Amino acid sequence: MSVDSPTPEIRSRGQRWMAPLRRLVATWWFRQSPSRQDRLATLGPLISVLLFLAAIISAFWYLRNEEIERETESVKRDTEIAQQQIRLRLIENQEQLVRIAREVVTRQIDAHEFSAQAQAFARERPELTHVTWLSAKRERRSSVGAAGFQADGLMTADSDDPSMPMANQSNAAAIAFEAAKERRQPVYSPPFSDANGTTVFQLHIPLIDRGGFAGVLIAEYTVESLLRYYVPSEVATRHSIAVLDSRDQIVSSTVTPMPGQVLRRASLLHDVPLAPALNGLVLRGQGWRTSIGLINNALFWLVLALAGMTVWMLLGTWRHMRRRTQIQNALTLETNFRRAMENSMLTGMRAMDMDTRITYVNPAFCAMTGFSEADLVGRTPPYPFWPNDRREENARLLQQELQGRSPSGGVEVKIQRKDGSAFDARVYVSPLVDTKGKQTGWMTSMTNITEAKRVRDQLSASHERFTTVLEGLDAAVSVLSVNPPELLFANRSYRLWFGADPAGHALLAGGQLVGTTSRRGLDDGADEVDDYSGLPTEALTDMGSDPREVYVESLAMWFDVRARYLQWTDGRLAQMLIATDITMRRHAEAQAALQAEKAQVTSRLMTMGEMASSVAHELNQPLTAITNYCNGMVSRVRADSIDKDALMAALTKTAKQAERAGQIIHRIRNFVKRSEPQRQPANATDIVEDAVELAGIELRRRNVAIHTYVAQRLPQMQVDPILIEQVLMNLLKNAAEAIDNASLPTSRRHIELRVVPKHSAELGGQIEFSVTDMGPGLPDEVLARMYEAFFSTKADGLGIGLGLCRSIVESHQGRIKAENLYNGSLVVGCRFAFTIPVTITSEHLRTDPAGSAQRTEPTTP
């Protein structure tokens with residue numbers, strides 16, 4: 001069969017349609033840069049290979065899924081065939097038994113004739129274990145075994161046969177019997193194990209005589225026989241058919257594993273109910289995949305490996321081309337950059353060959369000397385810009401530079417312009433090396449340093465004046481070079497204390513003459529040093545400028561040391577230290593800290609002194625109770641009227657009272673004992689409990705109640721618990737005194753103590769302690785002066801309480817404040833609050849309706 005080729009008209013029409021598209025593609029392609037064209041030309045094959053690989057993988061995946069779906073459909077079909085065969089057999093048996101039951105009810109047959117029919121019925125049905133006729137009272141009328149013979153030992157009332165539906169039992173047979181009796185229709189029982197351990201289920205056919213229940217016909221099936229005889233052999237050959245109970249356990253299967261061998265779990269499953277029984281048994285078809293899958297397919301891996309190799313080679317080619325393009329672009333940019341830099345910089349550049357012939361000069365060099373490029377290129381020494389009186393010296397310096405013996409900082413030469421004027425210049429010479437490592441000449445850079453020399457001379461004079469000032473300072477000033485460590489300058493105070501030894505500088509600097517950090521700072525920022533100003537770069541200026549205090553044990557002196565890096569007059573990086581004697585100030589601070597500690601202990605002692613009567617009353621109660629218990633026990637022992645239990649109860653109560661007195665004394669001792677302030681993690685709840693326990697003695701004496709509220713989710717504080725407890729004690733005691741001195745009624749004789757977390761943008765996380773009373777408040781003049789030392793509103797007060805509280809709070813980086821509470825223009829109370837900074841999270845700020853709150857009622861002393 002031949003295929004006609006397209007006609008010329010069709011070809012010409014196709015070409016006309018494709019022409020605009022080709023022009024559009026060609027226009028777009030030529031608009032791209034060469035580098036982009038190279039990139040697209042490389043990416044095109046790569047994309048094609050990737051698409052081919054994706055198509056191959058998709059084809060393999062589709063064929064695999066198609067095969068799995070076919071196998072799944074085969075398992076489903078065979079399972080439904082087995083279900084249909086078993087269903088038809090069960091329905092047929094049920095119809096035959098219903099007919100026999102109808103004959104029994106109409107008395108067309110008696111027990112002997114029933115046995116004959118049941119024998120013929122059972123012989124043709126190997127899946128049955130027995131057919132039994134039971135009366136309404138569960139009495140056996142007749143029973144035929146599986147072989148078709150009369151079974152007198154089956155279904156007897158006095159046996160333990162689980163197939164017998166005994167009264168007042170809940171086995172499977174009894175449940176089916178009751179269901180058939182109630183529903184008046186055939187009922188299948190749940191599966192169970194018979195006397196031989198075989199899994200069976202029963203069909204109960206009710207006998208209805210004139211509307212009344214007359215008994216049942218029972219046909220008992222074995223699950224294994226149903227599978228053996230009614231699952232088609234071709235189905236059992238293809239797939240495994242199993243019956244599962246309600247617990248998903250296999251009851252019977254067409255495949256029996258070898259002893260001790262566990263069957264591999266099937267990958268293809270299909271479940272259907274065992275109809276028409278519907279008694280919890282499930283017919284499951286099982287199949288195993290026969291395909292080897294993508295992972296074990298050698299062809300698939302061969303295609304994948306070849307495609308991967310192709311992709312790898314294309315990627316390598318693309319990366320190589322991209323690297324070459326980048327090198328070309330970098331070379332072009334570098335060339336343009338260097339040309340622009342040479343043309344725009346103020347430094348004169350001159351290139352010479354191996355015969356010291358000038359081969360190149362930049363515009364800055366021509367502008368600096370006044371000669372044009374044509375005047376200089378091709379000239380050999382002596383050059384026209386050398387002064388006549390310095391030609392021999394300049395020639396010697398040139399040979400010294402060419403031999404590599406010139407200093408690293410270059411050499412200073414005198415240069416004469418074309419107009420005859422001269423200037424000072426600094427010249428640097430470096431060899432020119434080609435790509436093969438061969439030297440082809442020298443490159444010379446020249447800088448006009450006339451103004452720089454003038455500035456340096458002025459700086460030298462200024463330095464001398466500044467040195468004179470430094471010699472008169474009381475502080476030790478020293479300058480040490482970084483590399484090598486050399487003491488460059490030391491004023492009179494330094495020499496007086498440390499002599500001319502640089503070890504004193506190292507001692508003040510922290511034990512090292514120079515630091516590695518300083519060396520790195522020099523290397524990284526050397527190009528940023530300003531030769532004119534003589535100052536180091538910003539990074540070096542900031543390095544090591546933080547002040548710190550140093551103790552010199554040999555001198556028994558404290559110094560405030562400030563360090564800074566600077567550039568010395570010869571260009572070297574150096575470290576300057578200014579050490580001020582602060583020994584007297586440290587002594588004064590130590591004395592102040594000691595006095596503050598004494599004031600804190602004194603304040604606590606004063607608080608306990610003021611509470612002495614309350615403490616005595618508090619201790620008197622447990623001591624009186626102990627005395628009474630002891631006297632009572634002595635009297636009863638003398639009278640021989642106390643037994644062991646009563647004596648133990650009295651001793652227990654005496655011990656509790658003694659423990660109570662000991663706790664009071666221990667708490668007061670911890671509060672007033674002298675100790676160094678110790679910052680440690682502390683919980684606000686514990687501090688509040690201790691403070692309220694101590695303050696409760698004074699509050700009960702003054703008949704003042706206290707309400708406390710402490711939020712539950714509070715972070716830990718880094719504080720001295722005794723000092724914070726002292727602040728709370730002072731605030732609570734002052735509030736109680738204000739209420740008691742004002743003789744307020746009972747409704748206003750209470751204090752509120754609240755501890756809650758807070759957070760603000762200015763101060764961050766805080767825990768706020770507030771003490772609020774319903775007292776008369778504070779006058780404005782007292783509010784203005786209450787933190788002053790030795791200011792007090794009490795006749796016998798020393799005036800250190802609130803001032804000390806403020807010092808303690810501020811030493812913990814917190815704040816304290818006091819304010820009056822108003823109802824309109826009337827003062828109705830006062831509120832003291834102080835804060836302690838902590839780390840607050842959103843969990844801590846969450847509203848806590850079930851916070852730790854308690855109320856302490858006053859008691860009459």
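**Entry 1: strand β5 and its partners**

I looked up Pro206 and found that its bridge partner in β6 is Val216. I am working on a predicted model, and I keep that in mind for every entry below. Strand β6 covers residues 212-222, and ten bridges join β5 to β6. The two strands run antiparallel.

Next I went to the turn of this hairpin. Two residues lie between β5 and β6, and one residue of this hairpin, Arg210, takes a positive phi near 50 degrees.

I then asked which other strands pair with β5. Strand β3, residues 187-188, is joined to β5 by two bridges, and the pair runs antiparallel. Val187 stands opposite His204 in β5. Strand β4, residues 192-193, also pairs with β5 in the antiparallel sense, over two bridges. Here I noted that Phe192 has Val200 of β5 as its bridge partner.

The hairpin of β4 and β5 has five residues between the strands. In this hairpin I found Gly197 with a positive phi near 85 degrees.

Is β5 enclosed or open to the outside? I checked its residues, 199-209: eight of the eleven are buried, so β5 is largely enclosed by the rest of the structure. For this step I took buried to mean under 20% relative accessible area.

**Entry 2: an open sheet of four strands**

I moved on to an open sheet of four strands and wrote down the order β8-β7-β10-β9, with antiparallel pairing. The edge strands are β8, residues 250-253, and β9, residues 268-273, and each of them pairs on one side only. From one strand to the next, the twist averages 25 degrees.

I looked at one pair in more detail. β9 pairs with β10, residues 282-287, in the antiparallel sense, and I noted six bridges. Leu268 stands opposite Gly287 in β10.

Which helix packs on this sheet? I found α5, residues 223-230, touching β7 (240-244), β8 and β10. The direction of α5 makes about 30 degrees with that of β8.

**Entry 3: two cis peptide bonds**

I stayed with β9 and β10 for a moment, since the loop between them holds Pro276. A cis peptide bond joins Ala275 and Pro276, with omega at about 0 degrees.

I also looked up the bond from Pro381 to Pro382. This peptide bond is cis too, and its omega is near -5 degrees. Pro382 sits in the loop between α9 (373-376) and α10 (391-402).

**Entry 4: positive phi outside glycine**

I checked Arg184 and found phi near 60 degrees, a positive value in a residue other than glycine. Arg184 belongs to the loop between α4 (172-183) and β3. That is the β3 which I had already listed as joined to β5 by two bridges. Is Arg184 buried or partly exposed? Its relative accessible area is 41%, so I entered it as partly exposed.

Asn703 came next. Its phi is positive, about 60 degrees, although Asn703 is not a glycine. I placed Asn703 in the loop between α19 (684-701) and β22 (705-710). With a relative accessibility of 33%, Asn703 counts as partly exposed.

**Entry 5: Glu471**

I looked up Glu471 in helix α11, which spans residues 450-471. Its relative accessible area is 23%, so I put it down as partly exposed.

What does Glu471 touch, leaving out residues up to four places away in sequence? I listed Phe489, Ala490, Asn491, Arg492 and Arg495. I also noted the distance to Tyr494, which is 23 residues apart from Glu471 along the chain. The C-alpha atoms of Glu471 and Tyr494 are separated by 9.4 Å.

**Entry 6: the chain as a whole**

I ended with totals for the protein chain. How many helices and strands does it have? I wrote down 23 helices and 28 strands. The chain has 861 residues, of which 38% count as buried.

For contacts, I took those with a separation of 6 or more, and 59% of them are between residues 24 or more positions apart. The chain exposes about 49600 Å². Carbon and sulfur atoms supply 54% of that area.

Notes: Residues are numbered from 1 along each chain as its sequence is written. This is a predicted model: local features need pLDDT of at least 70, side-chain atom pairs count only at pLDDT 80 or more; totals for chains, interfaces and linings use all residues. Side-chain values use heavy atoms; hydrogens and water are left out. Buried means under 20% relative accessible area, exposed over 50%, partly exposed in between (1.4 Å probe, protein chains only). Contact means heavy atoms within 4.5 Å. Accessible areas come from the Shrake-Rupley method with a 1.4 Å probe; for residues, only the protein chains shown count as cover. Two strands pair if DSSP finds at least two bridges between them. Axes are lines fitted to C-alpha atoms, for helices over the stretch in contact, and angles run from 0 to 180 degrees between N-to-C directions.
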